[in-house]
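Me: I would like to go through this structure and ask what stands behind the terms used for it. Please set each value against its cut-off.

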Amino acid sequence: MAEVFWYVFFGFLWYQVIATFGISIGLHRHFAHKQFEVSKLYEIVILFLITLTGARSPLGWIGAHRIHHANADTENDPHSPDIKGFWNIVFNRWTCKNIPRKYIRDAIKNPRIIFFHRYWKHIHLTVAIISLFIGLNFFVAFIVVPFILGFFGYGFFNAAGHKDYKPRTNFWINILSAGEGFHDVHHRNPNQVRLHKYDMSGYIVEKLFLERSINENAFQKE
Ligand SMILES: [Zn+2]
Ligand SMILES: [Zn+2]
């Protein structure tokens with residue numbers, strides 16, 4: 001029994017890596033909001049990591065998220081908890097079938113996004129089967145725990161990030177979404193990198209991507 005606890009715990013730590021570097025920094029802040037540039041290799045890492053969660057197609061995620069920003073808390077918001085119901089959003093019971101081209105014009109030109117849009121299910125299934133062959137404990141830590149935490153973590157993020165037809169800060173969201181709990185700050189300015197002093201993803205972006213690119217630019221000018 002103690003062994004199961006440790007594998008779930010390792011799964012939780014692994015999930016934090018996926019949530020931070022895959023979903024929040026990668027899918028949300030880089031791909032959906034284009035706050036900063038990353039290498040093509042890191043884009044592939046991001047797209048791989050998010051296949052391990054319940055994020056589904058990256059193209060669908062980017063499109064639905066941009067539609068959400070443009071129509072937040074209205075009938076056209078794909079996941080408004082006030083309109084569609086808190087628990088429906090927690091359980092990801094919403095769809096966004098028609099994404100107008102204007103929301104994903106840049107994303108459909110990215111061959112890496114298109115590849116993972118087409119094959120995310122195949123990749124997830126293949127990695128799951130390989131993990132199962134490695135061992136049941138590994139499968140639980142590497143595949144099952146991140147999938148469940150991603151599915152509910154970002155379901156809870158969409159559900160609890162808005163209340164009374166307004167975006168809001170909810171500290172609990174941060175536990176499973178690496179700093180996305182300061183959602184009202186994010187809606188006020190979707191280009192703002194650091195949302196709060198406890199915004200872990202914003203902190204990492206500042207340290208890893210922005211300061212480095214500023215230093216590189218300064219170096220090139222010399
Ligand atoms: Zn929102
Ligand atoms: Zn956003």
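Me: Which helices do the buried residues of helix 3 pack against?

Reply: In this predicted model, the buried residues of helix 3 pack against helix 1, helix 2 and helix 6. The buried residues in question are Pro-58, Leu-59, Trp-61, Ile-62, Gly-63, Ala-64, His-65, Ile-67 and His-68.

Me: What makes helix 1 and helix 3 oblique to each other?

Reply: Their axes cross at roughly 60° and come within 10 Å. Angles under 35 degrees count as roughly parallel, and 65 to 115 as roughly perpendicular. The crossing of roughly 60° fits neither class, and the two helices are therefore oblique. Helix 1 passes helix 3 in a right-handed crossing.

Me: Which residues meet where helix 1 and helix 3 are in contact?

Reply: From helix 1 come Leu-27, His-28, Phe-31 and Ala-32, and from helix 3 come Pro-58, Trp-61, Ile-62, His-65 and Arg-66. Ile-62 touches Phe-31 and Ala-32, and also Ile-104 and Ala-107, leaving out residues up to four places away in sequence.

Me: How do you know that the span of helix 3 is close to the expected one?

Reply: Helix 3 has 13 residues, for which 18 Å is expected at 1.5 Å a residue. From its first C-alpha to its last, helix 3 reaches 18 Å.

Me: Why is helix 1 called oblique to helix 7?

Reply: The axes of helix 1 and helix 7 cross at roughly 55° and come within 8 Å. That angle is again outside the parallel class, under 35 degrees, and the perpendicular class, 65 to 115, so helix 1 is oblique to helix 7. The contact includes Phe-12, Tyr-15 and Ile-23 of helix 1 and Val-145, Leu-149 and Tyr-154 of helix 7. This crossing is right-handed.

Me: Why is Leu-149 called buried?

Reply: A residue counts as buried with 20 or more other C-beta atoms within 10 Å of its own. Leu-149 has 23 such neighbours, so Leu-149 is buried. Leu-149, in helix 7, touches Phe-12, Tyr-15 and Leu-176, not counting residues up to four places away in sequence.

Me: Which members of the largest nonpolar core touch the most other members?

Reply: Of its 39 residues, these are Ile-23, Leu-27, Ile-50 and Ile-62. Helices 1, 2, 3, 6, 7 and 8 each supply at least two residues of this core. Helix 7 gives the largest share, 12 residues.

Methods
Residues are numbered from 1 along each chain as its sequence is written. Chains are lettered from A and ligands numbered from 1 in the order in which they are written. This is a predicted model: local features need pLDDT of at least 70, side-chain atom pairs count only at pLDDT 80 or more; totals for chains, interfaces and linings use all residues. A nonpolar core is a set of buried Ala, Val, Leu, Ile, Met, Phe, Trp, Tyr and Cys residues joined through C-beta atoms within 7 Å. A residue is buried if 20 or more other C-beta atoms lie within 10 Å of its own, exposed if 12 or fewer, and partly exposed in between; C-beta atoms are placed from the backbone. Helices (H or I, at least four residues) and strands (E, at least two) are DSSP runs, numbered from the N terminus. Two residues are in contact if their C-beta atoms, placed from the backbone, lie within 7 Å. The expected span of a helix is 1.5 Å times one less than its number of residues. Axes are lines fitted to C-alpha atoms, for helices over the stretch in contact, and angles run from 0 to 180 degrees between N-to-C directions. Angles under 35 degrees count as roughly parallel, over 145 as roughly antiparallel, 65 to 115 as roughly perpendicular and the rest as oblique. A crossing is left-handed if the near helix is turned anticlockwise from the far one by less than a right angle, and right-handed if clockwise.
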